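Student: I have a structure to work through, and I would like to learn how to read its features with some care.

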Amino acid sequence: MPKSFVCSKGGFTRCLVGFFLCCSVTMGWPAPRTPVDANEVLERLPVKAGDPDASRLKQYQQAVNRAPKDAQTVTALARLYFDLAMTHGDPRYVGYADALINGYPGQLSAELLFVRSLLRQYRHAFEDAKIDLRAALAAQPDFAEAYGWLAAIALVQADYAGANQACTALGAAGAPTLQAGCLGLTLAYTGQLAQGYQALEKGLARADDPGNRLWLLTRLAEVAAWQGRTALAESHYKSALRLGLTDAYLRAAWSDFLLDQQRPKEVVALLDGKEASDPLLLRLALAHQQTGSPKAPALVKMLDERFAATRLRGDTTHRAEEARYALQLRRDTGSALALAQANYEVQREPRDARILLEAALAAGQRAPAQKVEAWAKSSGFQGAPLGQLLTQLATLPKGNP
Amino acid sequence: MSRGFWGQGVVRAMAMAWLMLMAAAAQAHKSSDSYLAVRAQGDQVSVQWDIALRDIQFAIGLDANGDDQITWGELQQKQAELQAWAGSRLAVQRGGTCSFRQQGLQVDEHTDGSYAVLTLAGQCPQRSGPFSIQYSLLFDVDAQHRGLLKLDLDGATHSAVLGPQSGVLKFSEAATAGDQFVQYLREGVWHIWIGFDHILFLICLLLPAVLTRRGGGLSSTGMRGVGGFREASVGVLWVVTAFTLAHSITLSLAALEIISLPSRLVESAIAASVVFAAANNLRPVVQQRWLMAFCFGLIHGFGFASVLAELGLPANALVLSLVGFNLGVELGQMAIVAVFLPLAFVLRHTPFYQRGVFRLGSWAAMLVALAWFVERAFNLSIFWWT
């Protein structure tokens with residue numbers, strides 16, 4: 001049974017509930033039921049009373065109830081919701097923040113426009129997010145974070161001129177650390193890996209804030225891996241992990257690195273128990289598949305249910321992950337290719353290019369990855385393992401897209 | 001997940017996060033959904049509504065003792081409040097507002113945790129007419145919440161995602177059985193007309209109907225026109241009836257999912273049937289064309305069934321729609337015969353018919369069908385338009 005160690009730490013009831021939760025996810029609950037014991041615990045709330053988030057949440061919610069028109073109070077709560085969504089990978093908080101801002105009476109302040117842009121980019125509504133960010137900057141021209149997000153969105157959309165512009169503005173807005181990170185990534189995404197790496201290092205030397213350090217270390221690790229310097233990449237990932245912050249992106253990136261290095265056991269150790277987040281569950285399932293573990297099918301089935309649930313509500317934000325799941329876990333090349341192509345219409349980072357290339361190669365079709373070939377040519381990006389995949393693709397005959 | 005890390009400065013204690021994840025282990029993090037299953041038969045409506053306990057907690061509060069756990073007892077205590085809250089956020093209309101009485105409270109599990117299951121029974125002012133649903137659960141506190149609706153309206157199923165912008169969702173009355181019948185009849189006609197392989201097979205069998213063998217030899221060169229129209233039409237009637245009977249049998253068996261054959265096999269066999277029918281005109285082997293029509297008709301029925309499978313048969317009028325489709329195919333077929341037979345009859349004595357249409361036509365049909373066969377059996381593409 002998975003998580004049997006929980007039983008030795010928690011009580012028997014908890015263990016039992018845990019067992020049934022696992023079963024309900026892996027086997028599907030048969031039908032609605034009427035519990036017999038009034039004390040049966042049906043649900044554990046995600047934020048516990050004792051933790052600082054819970055008291056802040058309560059405090060901010062009460063403040064908003066007292067002063068629902070106060071922009072600062074509403075911003076603080078909306079921002080907290082967004083941060084909680086990020087740290088825990090729990091999108092419900094995004095919905096709360098959205099409703100809070102929707103219900104705000106009167107014109108949105110620069111801060112509220114900024115938070116709304118975060119929510120919009122989270123849903124991959126990048127154009128709407130940019131509109132909010134520009135409006136926030138019009139109201140408050142030295143809003144460094146807004147430039148930072150403009151750059152982040154530009155990089156996702158492979159708009160490197162736009163990213164450069166935002167990086168320059170970050171310097172003018174007095175945010176040198178963010179600027180260094182911004183420039184470093186833009187350089188790396190346009191094929192200047194060594195210069196990009198140096199710029200990110202420069203940013204790291206300036207960064208004090210642990211959150212910023214974690215971000216820069218993660219991205220340094222990624223650039224080092226693109227350069228083929230795996231030992232260096234590993235040391236950056238390990239430094240980032242030593243900061244002791246919960247960060248779903250770092251865990252996912254580190255897991256991908258380990259999977260590429262054929263070190264699935266470390267991924268299992270890292271992600272066991274973190275199945276709540278779809279991206280981490282995907283990596284855990286891939287790791288179990290690599291080790292040939294008998295747990296793999298149950299995790300794949302769990303992913304089946306997750307993706308089915310998001311499809312039901314018409315949510316398309318996880319298409320990159322779903323493409324990987326289709327290609328590597330379900331071996332469904334057709335679906336993988338369609339998903340990776342659809343994702344590439346919206347997101348064009350190197351990882352989005354990679355899954356589309358892998359799907360196209362698996363399908364033996366060159367035409368669907370035409371946009372990636374065009375991007376690689378125009379951007380000059382040359383990180384591993386994309387170069388190798390592109391070479392393989394070039395051996396396929398050109399077809400009609 | 002798209003996220004950057006710009007200016008993120010929130011410090012989290014790893015241990016705390018670990019503890020939280022432990023508690024939530026195996027439950028997915030996903031946006032909030034409720035599952036709304038509505039079944040309407042005439043003026044009677046029954047609803048099963050699954051709402052996440054986490055969402056109920058956020059909207060009206062469930063954790064009475066503040067221990068961050070929701071027990072069955074705590075949920076039961078709030079039953080009345082929950083029912084009033086949820087009930088005020090769902091409006092169903094059929095000829096006016098339907099009134100509901102709450103029936104029960106149960107629990108169920110979905111991928112992201114435990115759900116309260118509310119069952120409601122309702123009565124609408126009218127037994128027929130358009131049916132509408134207005135849904136507004138949680139939208140005031142969670143703009144990403146969605147209601148996932150599954151509606152069974154007089155036997156026809158609909159599904160929809162209910163969001164803040166959905167407003168009042170109107171579902172027109174399920175098509176009556178008569179409407180369905182007519183719709184499938186039309187589809188049947190349409191599909192024989194665009195099914196070149198079926199038409200070609202039929203024509204190959206009909207071509208010799210206006211000719212008769214001189215002296216009973218096996219050579220196709222010794223053909224002459226039949227004497228009377230009666231003789232010609234009797235032959236046609238036999239062929240058409242046998243073909244119809246055969247493909248009706250297999251179409252029904254396949255549509256009702258009693259037998260299923262791989263489509264590549266069926267499609268290849270259909271092409272082969274045309275090759276055989278055309279070759280039989282040129283060098284007769286089988287004299288009883290009705291027998292050929294029957295045997296190969298069985299295969300063609302499976303072909304029609306694949307078309308029908310794409311259309312889907314409505315659950316509430318399964319047999320009627322199947323009969324409609326089949327009749328449509330017959331009507332389409334009769335139309336082809338009605339055009340073909342008089343023309344062929346008039347031209348039957350001419351060398352144009354005997355050599356041009358009959359011999360050359362059979363050769364052409366055989367070659368085309370042979371190419372179809374190769375395409376279908378070996379999954380190749382020979383014709384540029386296919």
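The dialogue below takes up the make-up of one chain, then a residue and a set of strands in another.

Student: Before we start, what kind of model is this?

Tutor: It is a predicted model, and we shall read it as such.

Student: How many helices and strands does chain A have?

Tutor: An inventory of secondary structure is a good place to begin, and for chain A it comes to 22 helices and one strand. Of the 401 residues of chain A, 48% count as buried, and among its contacts between residues at least 6 apart in sequence, 49% join residues that are at least 24 apart.

Student: Turning to chain B, is Gly297(B) buried or exposed?

Tutor: A residue is called buried if 20 or more other C-beta atoms lie within 10 Å of its own. Gly297(B) is buried because 28 other C-beta atoms lie within 10 Å, and its place is in helix α9 of chain B, which spans residues 289-311.

Student: Which residues does Gly297(B) touch, leaving aside those up to four places away in sequence?

Tutor: Gly297(B) touches Ala242(B), Phe243(B), Ala246(B) and His247(B). As for Leu202(B), which is 95 residues from Gly297(B) along the chain, the two C-alpha atoms are separated by 9.6 Å.

Student: In what sense do strands β5 and β6 of chain B pair?

Tutor: For a strand pair, one looks at direction, bridges and connection. Strands β5(B) (residues 99-110) and β6(B) pair in the antiparallel sense over 11 bridges, with Gln102(B) opposite Leu120(B), and a hairpin joins the two strands through two residues.

Student: Which residue in β6(B) is the bridge partner of Ile51(B)?

Tutor: The partner is Ala116(B). Strand β2(B) (residues 44-52) pairs with β6(B) (residues 113-123) in the antiparallel sense, over nine bridges.

Definitions and conventions: Residues numbered from 1 in each chain as written. Chains lettered and ligands numbered in written order. Predicted model: local features only at pLDDT ≥ 70, side-chain atom pairs only at ≥ 80, totals over all residues. Helix = DSSP H or I, 4+ residues; strand = E, 2+ residues; numbered from the N terminus. Buried ≥ 20, exposed ≤ 12 C-beta atoms within 10 Å, placed from the backbone. Contact = placed C-beta atoms within 7 Å. Pairing = 2+ DSSP bridges.
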